[in-house]
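Let's take a walk through this structure together, beginning at the ligands and moving on to a helix, the core and a loop. Keep the model open beside you as you read.

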Amino acid sequence: MKAFIVEEKNILNWLSKLLQSNIKVYVPKNVEDYSSYEQIEQIEDLVLHQKRPEFSFKNILFPQTESVLEYTIEKNWVKTNPDLNYNSTSEEKTIIFGAPPCDCASIIALNHVFLSEPIDIFYKSKFDNVYIIGLACTNPEPECFCTSVGSSMTSTKGSDIFLTPLSSKSNSGKEYLVEVITTKGMELLKDYELQVQKSNKKITKNAIEEIKRKHDSKYESQILPKKDFTQNNQTLSENFYSKDWEEIGITCFGCGVCAYVCPTCTCYDLVDEYESGCFRRCKNWDSCGFANFTLHASGHNPRPTQIERYRQRILHKFTYFTEQVGMTMCVGCGRCTKFCPVHKDIYEVRSRWI
Ligand code: SF4
Ligand code: SF4
């Protein structure tokens, strides 16, 4: 890992060079009445330190709907479209710039699902060409709880490069601690030189920790109190039959919003569609909150009501995934709480059994 101090204007110059070299750059952006990661064409379109966007960058790697096969049927023969042959070279280089630590961390969960055998080639072709530049959180929302899932406002998990603003200003302008975390991050710096502060070349491990400690302590009080949701997963399993689930699940009406806004939800369905003489097999986002998610062809449904479906969502995120992977399948972004139409509060639900 490398680290150095860089002036904001030099970071913007560097990003400008990347934009001019035909690399696609996505940044958190307000668009009309919502916010998401949007592609920008010029550096003037970047607004630093935006609030965590309403939609995560999940759709860049795992689109809401994606063709995985196209075919026609001619004289009883199935003919596939050879142009739909995905590999790492079929995708353009893409930078996701200024993502908060919660969204950056989600990449670890996505990778576990899509890059474990059997590898999802559609995801891999995009991931191989994506560079994630995280930015320390300066705008937490009241529903955020990243510190309860083992993260923080300056966590570098999932980032290739991570930026933390320094609280003090130099005479020439705002400065950032720049941490280069992965070889992908090194590649970006090697190919597109970033002008660093000569006086701060040898920044020590202790100095880095101090910068981050200061930043975290400045914003910690703005999010939900820190609890440990990474441990005691058994307590949740032991309460599988608790009466509480009835009270919790009964108000959920299975709209799926929580899964669609969640940066780590990865369930999808495969559906064949027909349009203008061509069939498309589409990979579409799905949700364990939908009634037909587990509906069998026989008509039997092992999760017959929203009570079982909502319990599954919580146990998958905090017990099953944690047991298999060693991390929660939740990065504490608080989106599901914020956008649930009945205000189902995941932090409150998880807090019942710790
Ligand atoms: S957003 Fe709320 S109501 Fe909709 S499925 Fe999720 S928990 Fe249920
Ligand atoms: S479960 Fe909710 S809080 Fe956790 S990562 Fe998903 S949307 Fe964010």
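Around ligand 1 there are 13 residues, of which C252, C255, C258, G289 and C340 come nearest; a residue is near a molecule if its C-beta atom, placed from the backbone, lies within 6 Å of it. Sorted by class, this shell has nine nonpolar, three polar and one charged residues, where Ala, Val, Leu, Ile, Met, Phe, Trp, Tyr, Cys and Pro count as nonpolar, Asp, Glu, Lys and Arg as charged, and the others, Gly among them, as polar. This is a predicted model, in which local features need pLDDT of at least 70 and side-chain atom pairs count only at pLDDT 80 or more, while totals for chains, interfaces and linings use all residues. Residues are numbered from 1 along each chain as its sequence is written, and chains are lettered from A and ligands numbered from 1 in the order in which they are written.

Turn now to ligand 2, which has 13 residues around it, with C262, C330, C333, R335 and C336 coming nearest. The shell of ligand 2 holds eight nonpolar, three polar and two charged residues.

Next, find helix α6, residues 205-219; helices (H or I, at least four residues) and strands (E, at least two) are DSSP runs, numbered from the N terminus. I211, K212 and H215 are buried in α6, meaning that 20 or more other C-beta atoms lie within 10 Å of their own (exposed is 12 or fewer, partly exposed in between; C-beta atoms are placed from the backbone). Viewed down the axis of α6, the buried residues fall within an arc of 90°, so they line one face of the helix; the arc is that of the directions from the helix axis to the C-beta atoms. They pack against β8 (161-165) and β9 (175-180). On the face turned away from the buried side sit the exposed residues K205, N206, E209, E210, R213 and S217.

Finally, where is S148? This residue lies in the loop between β7 (130-135) and β8. S148 counts as buried because it has 22 C-beta neighbours inside 10 Å. Leaving aside neighbours within four places in sequence, S148 is in contact with L224, K226, K227, D228, F229 and G332, contact being C-beta atoms, placed from the backbone, within 7 Å. S148 and L224 are 76 residues apart along the chain, yet their C-alpha atoms are separated by 8.5 Å.

Conventions: Expected span 1.5 Å × (residues − 1). Contact = placed C-beta atoms within 7 Å.
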